Amino acid sequence: MWKIINDELTAYRSITTVSVRDGASTSFWYDDWLPDGPLYLSHAALFSHTTRANRSVQSVFQSFDLCLRPRLTNAASAQLASLLLCLQDIILQ
């Protein structure tokens, strides 16, 4: 049952975008809230290092901890730098 729900949620997320507002109900990694699409797709190398994939945008911005495993690959390090540049101009409402 959970697999069906998860598969349908993934399909739903692939055809929608979200308005972040305060970020409490927006998934940092899975929702399409940035111009390049969901971060788990656009920053796949970085996403592969996360230990908590279901965090909200709000929780990431409050602690600014992406919960990443130590020793990032070169690709993940480059994607982290790119992501940090993109996030520096975002202000949650």
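These questions and answers walk through a predicted model.

Trainee: Which helix gives the largest share of the largest nonpolar core?
Mentor: The largest nonpolar core has 17 residues. Helices H3 (44-47), H4 (57-63) and H5 (74-87) each give two or more residues to this core. The largest share is four residues, and the helix that gives them is H5.

Trainee: Which residues have the most contacts inside that core?
Mentor: Take Leu83 as an example. Beyond four places in sequence, Leu83 is in contact with Phe28, Leu34, Leu39, His43, Leu46 and Leu66. Two of those partners, Phe28 and Leu39, are also on the list you want. The residues with the most contacts inside the core are Phe28, Trp33, Leu39 and Leu83.

Trainee: How many aromatic pairs does the structure hold?
Mentor: Ring pairs link Phe28, Trp29, Tyr30, Trp33, Tyr40 and Phe47 into a cluster. For the structure, the number of aromatic pairs is seven.

Trainee: Why is the pair of Phe28 and Trp33 classed as tilted?
Mentor: Both Phe28 and Trp33 are buried. Their ring centres are 5.7 Å apart. Stacked needs planes under 30 degrees apart, and edge-to-face needs over 60. The pair counts as tilted because the planes lie at 50°.

Trainee: What parts does the pair of Tyr30 and Tyr40 tie together?
Mentor: The ring centres of Tyr30 and Tyr40 are 5.2 Å apart, with planes at 55°, so this pair is tilted. Tyr40 sits in helix H2 and Tyr30 in a loop, ten residues apart in sequence. The pair therefore ties helix H2 to the loop between H1 and H2.

Trainee: Are Tyr30 and Tyr40 buried, exposed or partly exposed?
Mentor: Buried means under 20% relative accessible area, and exposed means over 50%. Tyr30 has 21%. Tyr40 has 24%. Both values fall between the cut-offs, so each residue is partly exposed.

Trainee: What is the nearest side chain of opposite charge to Arg55?
Mentor: Arg55 is found in the loop between H3 and H4. Arg55 is buried yet has no salt bridge. A salt bridge needs 4 Å, and the nearest candidate is 5.0 Å away. That side chain is Asp65.

Trainee: Which side chain makes a polar contact with the side chain of Arg55?
Mentor: The Arg55 side chain also reaches a backbone oxygen, that of Ser59, at 2.9 Å. Contacts of Arg55 beyond four places in sequence include Thr26, Phe28, Val60 and Leu66. The polar contact between side chains is 3.3 Å, and the partner is Ser63.

Trainee: What is phi of Arg21, and what is phi of Cys67?
Mentor: Most residues other than glycine have a negative phi. Arg21 has a positive value, and so has Cys67. Arg21 lies in the loop between H1 and H2, Cys67 in the loop between H4 and H5. For Arg21 phi is near 55°, and for Cys67 phi is near 55°.

Trainee: Which of Arg21 and Cys67 is buried?
Mentor: The cut-off for buried is under 20% relative accessible area. Arg21 has 58%, so Arg21 is exposed. At 12%, the buried residue is Cys67.

Trainee: How far apart in space are Asp32 and His49?
Mentor: Asp32 lies in the loop between helix H1 (2-14) and helix H2 (39-42). Residues that Asp32 touches include Arg13, Thr16, Gly37 and Pro38. Asp32 and His49 are 17 residues apart in sequence. C-alpha to C-alpha, their separation in space is 20 Å.

How values were computed
Residues are numbered from 1 along each chain as its sequence is written. This is a predicted model: local features need pLDDT of at least 70, side-chain atom pairs count only at pLDDT 80 or more; totals for chains, interfaces and linings use all residues. Side-chain values use heavy atoms; hydrogens and water are left out. A nonpolar core is a set of buried Ala, Val, Leu, Ile, Met, Phe, Trp, Tyr and Cys residues joined through side-chain atoms within 4.5 Å. Buried means under 20% relative accessible area, exposed over 50%, partly exposed in between (1.4 Å probe, protein chains only). Contact means heavy atoms within 4.5 Å. Rings of Phe, Tyr and Trp (its six-membered ring) pair if their centres lie within 6.5 Å; planes under 30 degrees apart count as stacked, over 60 as edge-to-face and the rest as tilted. Lys and Arg count as positive and Asp and Glu as negative; His and the chain ends are not counted. A polar contact is a pair of N or O atoms within 3.5 Å; within protein, one must be able to donate a hydrogen and the other to accept it, and residues adjacent in sequence count only if both atoms are side-chain atoms.
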